[in-house]
Structures are given as structure tokens and as C-alpha cells.
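Student: I have a model open and some terms to sort out. Can we go through them one by one?

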Amino acid sequence: TTLATTIGGKTFDNCMMNAAGVRCQNKKDLDALVQSNAGAYVTKSATPQERAGNPSPRMHTLLKASINSMGLPNNGLDYYLDYVIRDQQKRPDSTNFLSVAGTSLEDNLAMLHQIQDSEYTGFVELNLSCPNVPGKPQVGYDFDRVHAVLEHVFDFYTKPLGVKLPPYFDLVHFDQIAAILNQYPLTFVNSINSIGNALVVDPRSEQVVIRPKGGFGGIGGAIVKPTALANVRGLALRLKPEIKIIGTGGIINGVDVFEHILCGASMVQIGTQFGYEGPALFDRLAKELTEIMAEKGYSSIEDFRGKLKTFD
Ligand SMILES: C=Cc1c(C(=O)O)[nH]c(=O)[nH]c1=O
């Protein structure tokens, strides 16, 4: 049984990795991911300069969910570009992901020019869905802006690139975003980011649980799986086959990974649970997924990827 997957002509020996933002902000975190059984890592979404992010408390975890309004704290693009270039020099056969999340079109283009002109040969994940920068809308919910960003990016960017999208909740929105994405040579689409601007209340203290934005933040964890699977499936049914799908959202156990792949994902990312469990998560998930595949007689993820059945 193999858990290998191929995206953009690169083969990963394990179809599981971290989600951007979780245990990936510093060299120590990234080194731990390199040492783990994860098939790849993605760096914390970068802005041109380092950012402190929102005031704390800015993240809260419940049993089945997490809420966060981190506000894009990161060490700046140079830090992550330096890390991934050094890593690719040390491990030329590995492919990893560099996440960028500029708070403006200019910032995104400036960062992508810098990456294009660098010796980095890995993947870029362009984050169009950060819900927590006060005053900034999620680009992914403004289809004209998504179109404009991609038009500018693919005027010059030639290295493998994908986009991180927010969850959509209307089938017409799946049609509309897919119609835009299919016009571009994207290597992948990563769906979903957290469900933005939710609210968690502590009835005991009668107070919200995070400081930024009056308590409003992005939701992750088991609770978002049905929405994540719908977005993975909705996009899988609409995107051209050369655009692979990374499924993110609600993965706790191997069976959740299986469901994401069944819906069409070629790779999965884990955020909230990875935050809880740390790098050992990837050993547990690999074991659980391998057992499920063996039980069902599948020897590779291609045996069942995208083969979700409906009633008709
Ligand atoms: C990049 C910012 C993001 C953040 C954040 O830094 O607040 N949290 C999320 O759940 N998703 C994001 O995309």
C-alpha cells in the first residue's frame, strides 16, 4: 500500500501535510515537519515584511473546533524564502510549499516577482482567503478580484503555483470560481481555509473567547468537515483535471483523509488537529489510512480518488 501522490509532476511519498499557519512560523517548527512523516510542509503565509499580527488572546480551541484571528503574524517573506531555498539545497528531491498572503495586490505581485527571480523551484500557495486582517475582505469572495490577481500573476509567474480558497456555500459560486480558475495554468487549488468570521461565546464568563474583532474569527476543526468535503467535491467536479485539489478542513483521523480523497483531493492538509497533536499526527494518520485502504483492497490513493458515489 502506498500513500504517494503526484501534483504538478512532483511525487510526494505521503499525501498528508500541515495546513499553513499551524506550527510552521519558525525554523524550529519547519525543521520538525521536515523530520516528520508528513509528505511536505507549507510555511506560514508570508507578507513582504514581518508582522506581529493581532493582539492575544487570538486563538481558542474547543473539543471539535478552533477559532482564530491571528492576523497574519509571520517573519516576512525573506525568512521563509531563505528557509525553503536552503532546504531544497539540502534535500534537492523534496518539494515543499511557500505560502504568501499579501494584504494588497501590489504586495502579492512584489512577493511573487521576488520568488520568480529567486532560485526557489518548489510550489507557491497564494492565499486568497485570510479572514482576519481587520478592514481587509477575503479576496476569494470577490470573483473580479480573483480574476484580476490571477491575470497579473500569470503575466510573469512561471513556477508551480496554486491558490488557497475560502469555503463557498452556493453551487453557483462553485460554478463561478471554477470558471475563473480554469482559465489559468494553476498547479493546484487548496480548499478550504477556515470558515471566516464565526463567533464563539463563553456562557460562564458571558464573554467572547478571542480579543480581535470583538471575538469574530475563522473556524477550523472537525466541525468544518462537511463544508470542506463539499468544496473539495464541488471543485473536483468543475476544475480541469490538470488542476489538482488539496483538501483541507476537519481532518482528525485516517477516515477523514479517506473521505477527502474520495471527494477528489490529491493531497490533504491538517491544521487544528496538527496544532493539538504535533508531528506524530502524520504517523497515526498514515497508519489509519493504510489500514482502511488494506481493508477495502486499495493499493494506492488513485484506486479511489474522486470516486465518491451518488444515488443516481
Ligand atoms: C493568512 C492568514 C490566516 C489566518 C490568520 O493569520 O489569522 N487565519 C486563518 O484561519 N486563515 C488564514 O489564511
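Tutor: Start with strands. A strand is a DSSP run of E with at least two residues, and strands are numbered from the N terminus. This is a predicted model. In it, I192 sits in the loop between β9 (188–191) and β10 (195–199).

Student: What makes the bond between S191 and I192 cis?

Tutor: Its omega is about 15°, and the bond is a cis peptide bond. Most peptide bonds are trans. A second cis peptide bond joins S56 and P57, with omega about -5°. P57 lies in the loop between α1 (27–35) and β4 (59–61).

Student: What is the phi of N197?

Tutor: Phi is positive there, about 55°, although N197 is not a glycine. Most residues other than glycine have a negative phi. N197 belongs to strand β10.

Student: Why is the pair between G71 and the ligand called a polar contact?

Tutor: The cut-off is 3.5 Å between N or O atoms. A backbone N or O atom of G71 lies 2.8 Å from a ligand oxygen atom, so the pair counts. M70 has a backbone N or O atom 3.1 Å from an oxygen atom of the ligand. For N193, a polar side-chain atom lies 2.9 Å from a ligand nitrogen atom. The protein covers 91% of the 320 Å² of accessible area that the ligand has on its own.

Student: Which residues surround the ligand most closely?

Tutor: Of the 14 residues around the ligand, the closest are N68, G71, L72, C130 and S194. The shell divides into five nonpolar, eight polar and one charged.

Student: How confident is the predictor, by pLDDT?

Tutor: The mean pLDDT of the chain is 98, on a scale from 0 to 100.

Conventions. Residues numbered from 1 in each chain as written. Predicted model: local features only at pLDDT ≥ 70, side-chain atom pairs only at ≥ 80, totals over all residues. Heavy atoms only, no water. Near = heavy atom within 4 Å. Polar contact = N/O pair within 3.5 Å; in protein donor to acceptor, adjacent residues only side chain to side chain. Areas by Shrake-Rupley, 256 points an atom, 1.4 Å probe, with all protein chains shown as cover. Nonpolar A, V, L, I, M, F, W, Y, C, P; charged D, E, K, R; others polar. Helix = DSSP H or I, 4+ residues; strand = E, 2+ residues; numbered from the N terminus.
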